Amino acid sequence: MQISSLIRSRRSIRRFKHNTISSKDLSSIIEAARWAPSGLNNQPWRFIIIKDRDSSKKISEFTKYASIVREAAINIVVCLKISCSYDREKDLMAVGACIQNMLLQAHRLGIGSCWIGEILRRKKELSRSLDINKDLEIMAVVSFGYPKVKAKKAVRLNSKRLVVAIK
Ligand SMILES: Cc1cc2nc3c(=O)[nH]c(=O)nc-3n(C[C@H](O)[C@H](O)[C@H](O)COP(=O)(O)O)c2cc1C
């Protein structure tokens with residue numbers, strides 16, 4: 001698929017089939033994340049991969065979007081490595097870029113995904129529950145799985161509203 005179609009057709013998927021995701025596909029999703037840009041190329045992202053269903057159930061308890069996390073074949077807890085961080089604002093943007101790469105690569109493979117930001121409300125508790133090193137700050141959980149239902153149509157603001165000035 002052309003990159004433009006890939007970007008346009010990706011949708012957040014919130015219901016997943018029971019199928020598992022192969023190690024090869026998982027590696028290619030991590031590989032896409034690895035090649036995201038970052039300030040000073042500091043690559044401040046780190047990942048905790050949750051494949052075990054019981055562990056997914058455990059982390060699902062920290063978000064109101066529990067059913068998405070519970071149904072997902074894989075959840076990736078995306079973290080910022082604090083000791084790698086040189087400029088928090090830029091590092092957060094880099095982590096965002098790395099997540100977008102993952103979503104797009106998953107979509108290319110026919111794997112659906114949903115970025116769960118709401119879980120950050122309870123990120124400290126989640127971190128304790130997963131026994132995550134204090135040097136890693138949770139930035140998101142991303143749920144992956146094969147789509148069970150067709151995604152809803154998406155809407156976006158018209159580009160005329162987005163480009164606020166041309167000088
Ligand atoms: C930073 C961020 C946080 C998000 N958090 C959630 C979330 O907690 N739960 C959820 O269902 N979707 C979440 N989403 C997905 C958005 O709702 C979704 O991207 C948006 O509605 C546009 O739909 P689309 O992804 O299908 O194009 C999040 C997306 C982003 C970028």
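**Exercise 1. Find the residue that stands opposite Ile48 in β2, then place β2 among its neighbours.**

Solution.
- Step 1. In this predicted model, Ile48 faces Val77 of β2.
- Step 2. Look at the strands themselves. β1 covers residues 45-50, and six bridges join β1 to β2. The two run antiparallel.
- Step 3. Now go from Val77 to β4. There, Val77 has Val141 as its bridge partner.
- Step 4. β4 spans residues 136-145 and is joined to β2 by eight bridges. This pair is antiparallel too.
- Step 5. Check burial. Seven of the eight residues of β2 (residues 74-81) are buried, so the strand is largely enclosed by the rest of the structure.

**Exercise 2. Describe the largest nonpolar core, and say which element gives the most to this core.**

Solution.
- Step 1. Count the members: the core has 37 residues.
- Step 2. Pick out the residues with the most contacts inside the core. They are Val78, Val95, Met102 and Val142.
- Step 3. List the elements that each supply at least two residues: α2, β1, α4 (66-71), β2, α5 (88-108), β3 (112-116) and β4.
- Step 4. α5 gives the most, with seven residues.
- Step 5. Take Met102 as an example. Leaving out residues up to four places away in sequence, Met102 touches Ile29, Ala32, Ala33 and Val142.

**Exercise 3. Is Ser28 buried, exposed or partly exposed? Locate this residue and its contacts.**

Solution.
- Step 1. Ser28 lies in helix α2, residues 23-34.
- Step 2. Count the other C-beta atoms within 10 Å of Ser28: there are 17. Buried needs 20 or more, and exposed needs 12 or fewer. Therefore Ser28 is partly exposed.
- Step 3. Beyond residues up to four places away in sequence, Ser28 touches Gln105 and Leu109.
- Step 4. Compare with Ile3, 25 residues apart from Ser28 along the chain. Their C-alpha atoms are separated by 16 Å.

**Exercise 4. Which residues of helix α3 are buried, and what covers them?**

Solution.
- Step 1. α3 runs over residues 53-60. Its buried residues are Ser56, Ile59 and Ser60.
- Step 2. These residues cover an arc of only 105° around the axis, so they sit on the same side of α3.
- Step 3. A helix rule fits here. An α-helix has 3.6 residues a turn, so residues three or four places apart point the same way.
- Step 4. The cover over the buried residues of α3 includes β1, α4, β2, α6 (123-129) and β4.

**Exercise 5. Sort the shell around the ligand by class.**

Solution.
- Step 1. Name some of the surrounding residues. Among them are Arg11, Tyr65, Trp115, Gly117 and Glu118.
- Step 2. Sort the whole shell: six nonpolar, two polar and three charged residues.

Methods: Residues numbered from 1 in each chain as written. Predicted model: local features only at pLDDT ≥ 70, side-chain atom pairs only at ≥ 80, totals over all residues. Helix = DSSP H or I, 4+ residues; strand = E, 2+ residues; numbered from the N terminus. Pairing = 2+ DSSP bridges. Near = placed C-beta within 6 Å. Nonpolar A, V, L, I, M, F, W, Y, C, P; charged D, E, K, R; others polar. Contact = placed C-beta atoms within 7 Å. Core = buried A, V, L, I, M, F, W, Y, C linked by C-beta atoms within 7 Å. Arc of directions from axis to C-beta.
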